[in-house]
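Work through the exercises below with the model open. Try each task before reading its solution.

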Amino acid sequence: MYRDIVDFALTTPAWLHTLAEVGTDAGLFIFAALFVVCWWRARHAPPRDLAIAIAGPAGIVGAYVISEVIKLIIREDRPCRGGVQTIAVCPPAADWSFPSNHSVIAAGAAGTLMLAWRALGWVVVPLAAVMASSRVFVGVHYPHDVLAGFVLGLTLAPLLALLMVGAVTPVVRLVRGRLTAIG
């Protein structure tokens with residue numbers, strides 16, 4: 001399946017190659033901007049809502065760290081190392097393939113954004129899926145790398161964020177109380 005996707009990708013127009021390579025990283029900036037908007041929306045909401053908006057990015061970082069540990073344990077070579085022509089330049093030899101970190105981050109962002117602002121689900125989940133699948137399209141991951149990363153990010157990041165909400169909510173209350181006392 002990997003070869004079929006990569007061979008097909010090579011037949012597509014150059015603008016699509018550029019979009020696939022740049023789009024994954026650009027999508028991460030879109031997610032970052034959406035987190036800022038979530039924080040802005042939640043700044044006067046109940047403390048737990050603001051805590052979720054704050055804990056979301058931390059949940060993504062936690063999922064990413066777990067992903068990195070898994071990579072170091074499994075140490076799967078990148079598929080592009082086998083002499084396959086790909087759109088993207090193959091990452092260096094010590095940069096392992098399983099699971100896809102881009103997929104973990106994209107799916108983790110989608111999952112945690114949905115915790116903070118459920119209505120975004122119809123936008124962020126498809127965006128994360130496109131970003132994740134582009135990693136196979138450009139040739140740097142196997143489909144199972146992307147699928148595993150997506151599932152890992154979509155489940156772990158929101159779970160870790162929710163685990164942090166209990167600690168962040170009292171801090172939000174404290175800071176708000178102090179700001180109210182000052183103002």
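Three exercises on this predicted model follow, each with a worked solution.

**Exercise 1. Describe how helix α2 packs against helix α3.**

Step 1. Locate the helices. α2 covers residues 14–42 and α3 covers residues 47–74.

Step 2. Take the geometry. The angle is about 160°, and the axes lie 7 Å apart.

Step 3. Classify the angle. Angles over 145 degrees count as roughly antiparallel, so α2 is roughly antiparallel to α3.

Step 4. Add the handedness. The crossing of α2 past α3 is left-handed.

Step 5. List the contact. α2 contributes F35, C38, W39 and A42. From α3 come D49, L50, A53, I54, G56, P57 and I60.

Step 6. Sort these residues by character. Nine are nonpolar, one is polar and one is charged.

**Exercise 2. Is S134 buried or exposed, and which residues does S134 touch?**

Step 1. Place S134. This residue sits in helix α5, residues 121–137.

Step 2. Apply the cut-off. Buried means under 20% relative accessible area. S134 has 9% relative accessibility, so S134 counts as buried.

Step 3. Follow the side chain. It comes to 2.6 Å from the backbone oxygen of M131.

Step 4. Look beyond the sequence neighbours. Leaving out residues up to four places away, S134 touches A20 and T24.

**Exercise 3. Find the surroundings of N101.**

Step 1. Place N101. This residue belongs to helix α4, residues 101–116.

Step 2. Use the same kind of test. N101 is at 11% relative accessibility and therefore counts as buried.

Step 3. Name the partners. Apart from neighbours within four places in sequence, N101 contacts Y64, S67, E68 and K71.

Conventions
Residues numbered from 1 in each chain as written. Predicted model: local features only at pLDDT ≥ 70, side-chain atom pairs only at ≥ 80, totals over all residues. Heavy atoms only, no water. Axes fitted to C-alpha atoms, helices over the stretch in contact; angles between N-to-C directions. Helix = DSSP H or I, 4+ residues; strand = E, 2+ residues; numbered from the N terminus. Parallel < 35°, antiparallel > 145°, perpendicular 65-115°, else oblique. Left-handed = near helix turned anticlockwise from the far one by under 90°. Contact = heavy atoms within 4.5 Å. Nonpolar A, V, L, I, M, F, W, Y, C, P; charged D, E, K, R; others polar. Buried < 20%, exposed > 50% of the residue type's maximum accessible area, 1.4 Å probe, protein only. Polar contact = N/O pair within 3.5 Å; in protein donor to acceptor, adjacent residues only side chain to side chain.
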